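Below are my notes on the model, as numbered points. Please read them with the structure open.

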Amino acid sequence: MRNVILVGSSGSIGSAIHNELKDEHVISYSRHTPSTYDNLHHYFDLSQPISIEEVEATFKHIETIDCLIYTPGSAYFDMLEDTPLHVIDEQYNIQVRNLIVFIQAALPRLKKSSHGRIVVISSVYGQIGASCESVYASMKGAQNTLVRSLAVEYASTNITINAVAPGAVKGKMTNLLSEEDIKVLLEELPQQRLIEPVEVAKLVNFVLSKESQSITGEVLNINGGWYTL
């Protein structure tokens, strides 16, 4: 049984990943939604800065971490000139700063694992950008760069570090769109369908496996052919 740190377990993708890993020893995190499963769960508001010490305290009882999965995301739609600075700060905290904090806190225990894994849920927009979502896309792009950099930095260890970049996923984020927006989006998608969260979870589960040891520093696209990079 692996020790898994799952950050953002209440989102559509995070919930699907938790279901895939429900038989592992999972420590999960959300802002205010309790865990669906009988596991140790903690609450953090990731839109605000958190400390390494706060994070370390949540898994001080275990010696080894096998997997760190970071899924939080918060969509924001607006022109850049109309985006308040506090929103930019919140996006930075959620997508970049607190991701780094979790990685820093987990690394000593990840190094003790025979197959340490870090998986970040990024976005297709981190690859190609997005009009009226420039802040969100920029933060996702920063995640991708962090993943590629750390993969080289820790290549001599047993830790692999990858990102999964979904396209349009059925769930909480796409539920924010109007019916007309969904219709326009589906017309743009080659498969003319939204991705099911379980599809992303299955890919993450493989990246967490021992058989994926040579996969590191990758941003794995899962977008139905929407964009191929």
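Which residues of the largest nonpolar core touch the most other members?

1. Ile5, Phe59, Leu68 and Phe102 do, in a core of 34 residues. A nonpolar core here is a set of buried Ala, Val, Leu, Ile, Met, Phe, Trp, Tyr and Cys residues joined through side-chain atoms within 4.5 Å. Buried means under 20% relative accessible area, exposed over 50%, and partly exposed in between, with a 1.4 Å probe and protein chains only.

2. On provenance: this is a predicted model, in which local features need pLDDT of at least 70 and side-chain atom pairs count only at pLDDT 80 or more, while totals for chains, interfaces and linings use all residues. Residues are numbered from 1 along each chain as its sequence is written, and side-chain values use heavy atoms, with hydrogens and water left out.

3. At least two residues of the largest core come from each of β1 (3–7), β2 (25–30), β4 (67–70), α3 (85–110), β5 (117–121), α5 (134–153) and β6 (160–166). Helix α3 gives the largest share, 9 residues. Helices (H or I, at least four residues) and strands (E, at least two) are DSSP runs numbered from the N terminus.

4. Beyond its neighbours within four places in sequence, Ile5 has contacts with Ile27, Tyr29, Phe59, Ile65, Cys67, Leu68, Ile69 and Phe102; contact means heavy atoms within 4.5 Å. Another core lies apart from the largest one and has 20 residues, including Val26, Val119, Ile195 and Val204.

5. The count of aromatic pairs is 4. Rings of Phe, Tyr and Trp (its six-membered ring) pair if their centres lie within 6.5 Å; planes under 30 degrees apart are stacked, over 60 edge-to-face, and the rest tilted. Tyr29 and Phe102 make an edge-to-face pair, with 5.1 Å between centres and 80° between planes. Because Tyr29 is in strand β2 and Phe102 in helix α3, the pair ties together parts 73 residues apart in sequence. Tyr29 is buried at 1% relative accessible area, and Phe102 is buried at 0%. Ring pairs join Tyr29, Phe44, Tyr70 and Phe102 in a cluster.

6. How do α1 and α7 pack, and at what angle? Helix α1 (residues 12–20) packs on helix α7 (residues 197–207) at about 55°, with the axes 8 Å apart. Axes are lines fitted to C-alpha atoms, for helices over the stretch in contact, and angles run from 0 to 180 degrees between N-to-C directions. The two helices are therefore oblique: under 35 degrees counts as roughly parallel, over 145 as roughly antiparallel, 65 to 115 as roughly perpendicular, and the rest as oblique. Residues of α1 in this contact include Ser12, Ile13 and Ala16, and those of α7 include Pro197, Val198 and Val200.

7. The axes of α3 and α5 come within 9 Å and cross at roughly 15°, so this pair is roughly parallel. Among the residues that meet are Ile88, Tyr92 and Leu99 in α3, and Val135, Met139 and Leu146 in α5.

8. Leu40, in strand β3 (residues 40–43), is partly exposed at 36% relative accessibility. Outside its neighbours within four places in sequence, Leu40 is in contact with Val26, Ile27, Ser28, Thr58 and His61. The C-alpha atoms of Leu40 and Ser156 are 32 Å apart, with their places 116 residues apart along the chain.
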